[in-house]
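Me: Please go through the packing and the charged pairs of the structure shown here.

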Amino acid sequence: MKTGLHQSTQLRQELKINPRLYQAMDLLYMPLLDLQQHLKQELLNNPFLELVELDDDEDEDEDTETEGAEATPEEESKKDEIDWEEILLDGFDTGGHREEHEEREYYEPVTVATRDLSDHLRDQIRLLDLTPREQLLADEFIGNINEEGYLSCSLAEIRAGINDVVRAAAADAGMEDAEDDELPLYTTDEVDAMLTVVQGLDPAGVCARDLRECLMLQLREAGLEQSVPYRLVRDCFEELINHRWSEISKRFGISPIDVQAAADEIAKLDPKPGLVYSDAGDNYIIPDLVVDKIDGHYHVFLNDANLPRLKLSRTYQEIARDKKKFEGENKEFISNKLNSANWMIQAIEQRRQTMLKVMNYIVDRQREFFEKGVQYLKPLTLREVAEVINMHESTVSRVTNEKFVQTPRGVLPLKFFFSSGLSTTGGEDVSARGIKAQIEKLVADEDPKDPLTDQAIVNILRETGVQIARRTVAKYRDQLGVLSARMRKRV
């Protein structure tokens with residue numbers, strides 16, 4: 001192969017996206033709170049942007065009156081003292097008043113620390129009469145309990161971990177042998193005994209190694225060790241979770257009704273006791289859009305009252321007009337900031353109009369849902385909306401992502417209105433989410449002693465004109481968390 005430099009011509013197509021287009025897409029993607037923080041940061045970074053105050057109209061009137069009145073010699077001298085170059089280059093000090101446009105460091109608000117399950121368990125351990133050695137082992141147990149309250153490792157791993165701590169302490173103390181009487185390694189009996197101690201703490205069922213042990217601990221705490229529910233969990237847990245009432249009744253010599261009553265008592269227990277003390281903060285949703293019914297018509301509004309309203313600063317517009325005073329880097333700085341400010345204002349308005357277009361079409365398309373409920377939700381895709389409002393499908397996806405709307409039927413994510421559809425005998429389409437709602441209602445209204453099978457649900461839906469396969473019903477039922485007919489049957 002011959003080496004060397006070669007020249008060749010090539011024709012190809014490339015798509016290069018303007019950086020501002022990237023920013024415009026980011027603005028569409030941002031939820032309301034993120035956009036609010038972004039605009040506040042832009043106000044700090046760009047001196048050509050300023051907030052639109054509520055009393056701007058009044059200020060304009062006052063400015064007009066002031067301009068019409070004769071200025072005193074003192075006021076004229078103050079005006080003459082203003083150096084626009086100093087305003088731009090020396091800290092934006094206008095002499096008469098100070099506009100604070102310099103960048104400020106932004107501190108993210110941090111939530112106040114709250115107590116979790118580990119803190120709750122350690123408080124109880126301190127109240128027990130334990131030796132320092134036992135206290136160390138108890139802390140090892142607590143450190144391996146997950147937020148659901150279960151022990152996340154085996155007892156052998158607990159013992160290995162705490163003995164590693166002992167060996168490290170022996171090495172730091174200069175002891176050659178960790179088996180010294182002063183620092184002996186933990187035994188299996190000590191670990192087993194501490195397991196019993198930790199499992200006796202509040203909440204009941206904590207430090208269990210599996211669901212079965214968790215339920216047994218809660219029944220034992222309630223003093224039900226001799227009861228039927230405790231025996232069911234201890235001796236036939238697999239049959240219990242599979243609702244094999246007949247097998248259990250024959251094995252224990254009790255009626256299926258008594259078995260089911262015991263199972264109902266077990267179902268009242270907490271399978272994840274640790275979550276009571278989990279540090280799960282409240283997530284508050286601020287809707288980006290509002291749909292209200294006024295005089296029989298649905299109207300869409302943007303919930304952006306707290307969003308900063310931007311406008312171009314008069315002061316810096318005057319600076320930009322006087323191009324003779326600025327050259328080179330100064331001129332480039334003014335041009336870039338002014339163009340960026342203009343673009344930001346236009347991009348925010350474009351975002352508002354795009355969101356209104358999308359939501360207005362959704363309201364028109366899903367009017368029956370707003371009037372009658374989720375069962376009347378129609379199938380809708382991003383492509384359908386994009387074609388109607390003459391935008392790209394990816395743009396609609398960004399508009400609907402992580403956005404919420406407040407409606408007469410509650411606060412819903414915009415993605416809620418988009419779902420696939422099924423055909424009906426009448427030639428219309430029905431939303432998959434509407435079908436799920438119908439299945440959920442059918443199961444809720446069924447006879448517990450004779451629950452509806454998947455095929456029975458198929459037959460009922462077909463009577464209403466919905467063409468659906470049995471496996472589709474089974475898939476929707478699983479997604480709804482509804483058990484099969486055999487598991488739902490009551491005796």
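The exchange below deals with the nonpolar core and then with salt bridges.

Reply: This is a predicted model, in which local features need pLDDT of at least 70, side-chain atom pairs count only at pLDDT 80 or more, and totals for chains, interfaces and linings use all residues. Residues are numbered from 1 along each chain as its sequence is written, and side-chain values use heavy atoms, with hydrogens and water left out.

Me: Which element gives the largest share of the largest nonpolar core?

Reply: A nonpolar core is a set of buried Ala, Val, Leu, Ile, Met, Phe, Trp, Tyr and Cys residues joined through side-chain atoms within 4.5 Å; buried means under 20% relative accessible area, exposed over 50%, and partly exposed in between (1.4 Å probe, protein chains only). The largest one has 29 residues. Elements are DSSP runs numbered from the N terminus, helices being H or I of at least four residues and strands E of at least two. Those giving two or more residues to this core include β2 (289-294) and α18 (382-389), while the largest share, seven residues, comes from α16.

Me: Why does the salt bridge of R122 and D139 tie together parts that are apart in sequence, and how many residues apart are they?

Reply: A salt bridge is a side-chain nitrogen of Lys or Arg within 4 Å of a carboxyl oxygen of Asp or Glu, and the side chains of R122 and D139 meet in one at 3.9 Å, N to O. R122 lies in helix α6 (residues 117-127) and D139 in helix α7 (residues 132-143), so the parts that the pair ties together are apart in sequence by 17 residues.

Me: Is E213, the salt-bridge partner of R209, buried or exposed?

Reply: The side chains of R209 and E213 meet at 2.8 Å, N to O. R209 is partly exposed at 42% relative accessibility. At 15%, E213 counts as buried.
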